[in-house]
Amino acid sequence: MGEVPQIVEMKKDVSNTIGKSENEARLAILELAHMMSVPMSLIAVLNLKVPEAIMQDGSNTPLSAAQILARIRPHGGADAENLQRLLRLLTSYDIFDEHLSCSGQRKYSLTHIGKSLADDDQGLSYAYYMLQHHEDALMRAWPLVGEAVEDPSVEPFVKANGVSAIEYHTKKPDDNVMPSIYKSFAGMCVPFMMEMLQVYDGFKGVETLVDVGGNSGITLRMIMDNYPNVRKGINFDLPDMVARAPNIPGVTHVAGDAFEFVPRGDATFIKSSKIHDFRNTNFRALNFL
């Protein structure tokens, strides 16, 4: 009889554990089901230029939704309540800090993550990368991902848009397309390279440096500005990517395919461990590192 309470207690512990697991699973599924609301809300906030409004004059002063709208829509016609809903959601993902006054008024400032979405003194931020990766053409491809399992002969982006992602962005007649892509990559690349160049000195003794997948050549420009010994930079990327790359002193833009050849140099620089092969409908990646 003395063992009965112990058995009952063990069953209770097991029941609590199962109940907790079920609750965690249910909450996880609910979050996954509504996950699209997070990037879509962030895209809306970025298009509205909310981070710039809060960071006006570099102050990051907490503002209410109405005060934010007064800066970005000075002539009115916008809904502060709906904006606040977006801000509250993104606060839970550490984009904004919420400041609640004694009167119940909610104001918002930018967290460290949020500040990375506001333009710096060079007009760059992570926002452009986020926006570029949620363009309509890319979003049209996501519902077709499952079809790539059943029929891998045509990638989802091609099914949705008729051409590959590279062709779509580089063949469009809009003169703003390539600059926006360059800005998207620069927004991610420049902060990374600034940090890297502070701690890495592996470019000493290099005279000719090849950047594989160098995009606009901005990485080479930063390296060469910091290392005068690098006298020649070769920016190597796909033909359409370098066709409209800007002129940079000491940098030669070379078009080609890294799966076929890579120009010679004293050193070869690759920012990512993978170079993606967009030539074929099947997505392949080659590890260089």
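Student: Let's start with Q132. Which helix does Q132 lie in?

Tutor: Q132 lies in helix α7, which covers residues 127-132. Keep in mind that this is a predicted model.

Student: Is Q132 buried or exposed?

Tutor: To read that, look at the relative accessible area: under 20% means buried. Q132 has 10%, so it is buried.

Student: What does Q132 touch, then?

Tutor: Leaving out residues up to four places away in sequence, Q132 touches L138, H169, I181 and S184. There is also a polar contact, at 3.3 Å, between the side chains of Q132 and H133.

Student: S125 comes a little before that helix. Where does S125 lie?

Tutor: S125 sits in the loop between α6 (112-115) and α7. Try the same reading again: its relative accessibility is 3%, so S125 counts as buried.

Student: Which residues does S125 touch?

Tutor: Not counting residues up to four places away in sequence, they are S116, L117, A118, D119 and G187. A polar atom of the S125 side chain also lies 3.1 Å from the backbone nitrogen of A127. And here's one about distance along the chain versus distance in space: S125 and V190 are 65 residues apart along the chain, while their C-alpha atoms are separated by 9.2 Å.

Student: How do I read the sheet?

Tutor: Strands of a sheet pair through backbone hydrogen bonds, and the pairing is either parallel or antiparallel. Here, one open sheet has four strands in the order β5-β4-β3-β6, with parallel pairing.

Student: Which strands stand at the edges?

Tutor: β5 (251-255) and β6 (267-269) do. Each has a single partner strand, so one side of each is left without a neighbour in the sheet. From one strand to the next, the twist averages 25 degrees.

Student: How many bridges join β4 to β5?

Tutor: Five, and the two strands run parallel; β4 covers residues 232-237. To see one pair, find I234, whose bridge partner in β5 is T252. β3 and β4 also pair in the parallel sense over five bridges. For that pairing, look at D211, whose bridge partner in β4 is N235.

Student: Why is β4 called largely enclosed?

Tutor: Count its buried residues. Five of the six residues of β4 are buried, so the strand is largely enclosed by the rest of the structure.

Student: Which helix lies across these strands?

Tutor: That's α13, residues 218-226. It lies across β3 (208-212), β4, β5 and β6, and it runs at about 165 degrees to β4.

Student: Can we try a helix with several buried residues? Which residues of α4 are buried?

Tutor: In α4 (residues 65-72), A65, I68, L69 and I72 are buried. They cover an arc of only 100 degrees around the axis, which puts them on the same side of α4.

Student: What covers those buried residues of α4?

Tutor: The cover includes α3 (50-54), α5 (80-91) and β2 (106-110).

Student: And the whole chain? How many helices and strands are there?

Tutor: The protein chain has 14 helices and eight strands. Of its 289 residues, 34% count as buried. The accessible surface comes to about 17500 Å², and 56% of that belongs to carbon and sulfur atoms.

Student: What about contacts between residues far along the chain from each other?

Tutor: Take the contacts between residues at least 6 apart in sequence: 52% of them join residues at least 24 apart.

Notes:
Residues are numbered from 1 along each chain as its sequence is written. This is a predicted model: local features need pLDDT of at least 70, side-chain atom pairs count only at pLDDT 80 or more; totals for chains, interfaces and linings use all residues. Side-chain values use heavy atoms; hydrogens and water are left out. Two strands pair if DSSP finds at least two bridges between them. Axes are lines fitted to C-alpha atoms, for helices over the stretch in contact, and angles run from 0 to 180 degrees between N-to-C directions. Contact means heavy atoms within 4.5 Å. Buried means under 20% relative accessible area, exposed over 50%, partly exposed in between (1.4 Å probe, protein chains only). A polar contact is a pair of N or O atoms within 3.5 Å; within protein, one must be able to donate a hydrogen and the other to accept it, and residues adjacent in sequence count only if both atoms are side-chain atoms. The arc is that of the directions from the helix axis to the C-beta atoms. Accessible areas come from the Shrake-Rupley method with a 1.4 Å probe; for residues, only the protein chains shown count as cover.
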